[in-house]
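Me: I would like a close look at a single part of this protein: how its helices pack. Please keep the sentences short.

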Amino acid sequence: MGASGSKRELSEEEIEFLLKQTKYDREAIKKWHEAFIKDCPDGRLTRKKFMKVYSMFCPGKNTEAFRSHLFRTFDANGDGHISFREFLLTLDMTSSAKPEEKLKLAFKMYDVDGNGYIEIHEMTHILDSIYSMMGVPAWVRGAPLCGPLSRVS
Ligand SMILES: [Ca+2]
Ligand SMILES: [Ca+2]
């Protein structure tokens, strides 16, 4: 194993940043970091690994589309990896008691191209992946969305 990488160490600067931006305290941040580095020794969670890990949390056949939307939501800067900072910030949002934080997260997930607007096709895209994960057959999935939503556009 190469002993390279300052990313294995959590810098004081990073801790300060996360203390300010999340609800976690120093202890919790360190614990999460330890666990993160154990799984991702180079300090980045790859898409492949994320998909694998998440399939344990969200088992089922048709979770792939949903998982990839989730990955995009975590990967805030879109570089194809989840850094510890991205990981903890998103985790903080998902477990936040504040409804506006949850909404922000949901918005990020629905806004597939990240342009700041949720288009009808993005909405149907995400709902479709959720329905598919829940095992709702395709012909049923299409039905309710064609009704009320098509009138909006
Ligand atoms: Ca990233
Ligand atoms: Ca959009």
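In which hand does α3 pass α4? Work outward from that pair.

Reply: This is a predicted model. In it, α3 passes α4 in a right-handed crossing.

Start with the geometry. Two packed helices are described by the angle between their axes and the distance between those axes. Helix α3 spans residues 47-57. Its axis and that of α4 are 10 Å apart, and the packing angle is about 125 degrees. Angles over 145 degrees would count as roughly antiparallel, and 65 to 115 as roughly perpendicular. The α3/α4 pair is therefore oblique.

Next, the residues. On the α3 side, the contact is made by Arg47, Phe50, Met51, Tyr54 and Ser55. On the α4 side, Arg67, Leu70 and Phe71 make the contact.

The loop between α3 and α4 holds glycine 60. Glycine 60 has 12 C-beta neighbours inside 10 Å, so this residue counts as exposed. Its C-alpha lies 8.8 Å from that of glycine 135, although 75 residues separate the two in sequence.

Helix α4 also packs against α7, which covers residues 120-134. Here the axes come within 7 Å. They cross at roughly 135 degrees. The α4/α7 pair is therefore oblique as well. From α4, the residues involved are Ala65, Phe66 and His69. They meet Ile126, Ser129, Ile130, Ser132 and Met133 of α7.

Now the nonpolar core. Helix α4, residues 64-74, gives two or more residues to the largest nonpolar core. So do α2 (26-39) and α5 (84-94). That core has 13 residues. Those with the most contacts inside it are Phe36, Leu45, Phe74, Ile82, Phe84, Phe87 and Leu88.

Take leucine 88 from that list. Leaving aside neighbours within four places in sequence, leucine 88 is in contact with Leu18, Thr22, Tyr24, Ile29 and Trp32.

Then move one residue along. Leucine 89 lies in helix α5. Leucine 89 has 17 C-beta neighbours inside 10 Å, and therefore counts as partly exposed. A buried residue would need 20 or more. Not counting residues up to four places away in sequence, leucine 89 touches Gln21 and Thr22. Thr22 is also among the contacts of leucine 88. Tyrosine 24 is 65 residues from leucine 89 in sequence. In space, their C-alpha atoms are 9.9 Å apart.

How does this sit in the whole chain? The protein chain has nine helices and two strands. From the N terminus, the elements run α-α-β-α-α-β-α-α-α-α-α. Buried residues make up 16% of the 153 residues. Of the contacts between residues at least 6 apart in sequence, 53% join residues at least 24 apart.

Finally, the record. An unreviewed UniProt entry lists "domain: EF-hand" for residues 62-97 and 98-133. In the model, residues 62-97 are 61% helix and 8% strand, with end C-alpha atoms 29 Å apart. Residues 98-133 are 72% helix and 0% strand, and the end C-alpha atoms of that span lie 27 Å apart.

Note on methods. Residues numbered from 1 in each chain as written. Chains lettered and ligands numbered in written order. Predicted model: local features only at pLDDT ≥ 70, side-chain atom pairs only at ≥ 80, totals over all residues. Helix = DSSP H or I, 4+ residues; strand = E, 2+ residues; numbered from the N terminus. Contact = placed C-beta atoms within 7 Å. UniProt positions renumbered as here; feature names shortened; annotations may be inferred. Core = buried A, V, L, I, M, F, W, Y, C linked by C-beta atoms within 7 Å. Axes fitted to C-alpha atoms, helices over the stretch in contact; angles between N-to-C directions. Parallel < 35°, antiparallel > 145°, perpendicular 65-115°, else oblique. Left-handed = near helix turned anticlockwise from the far one by under 90°.
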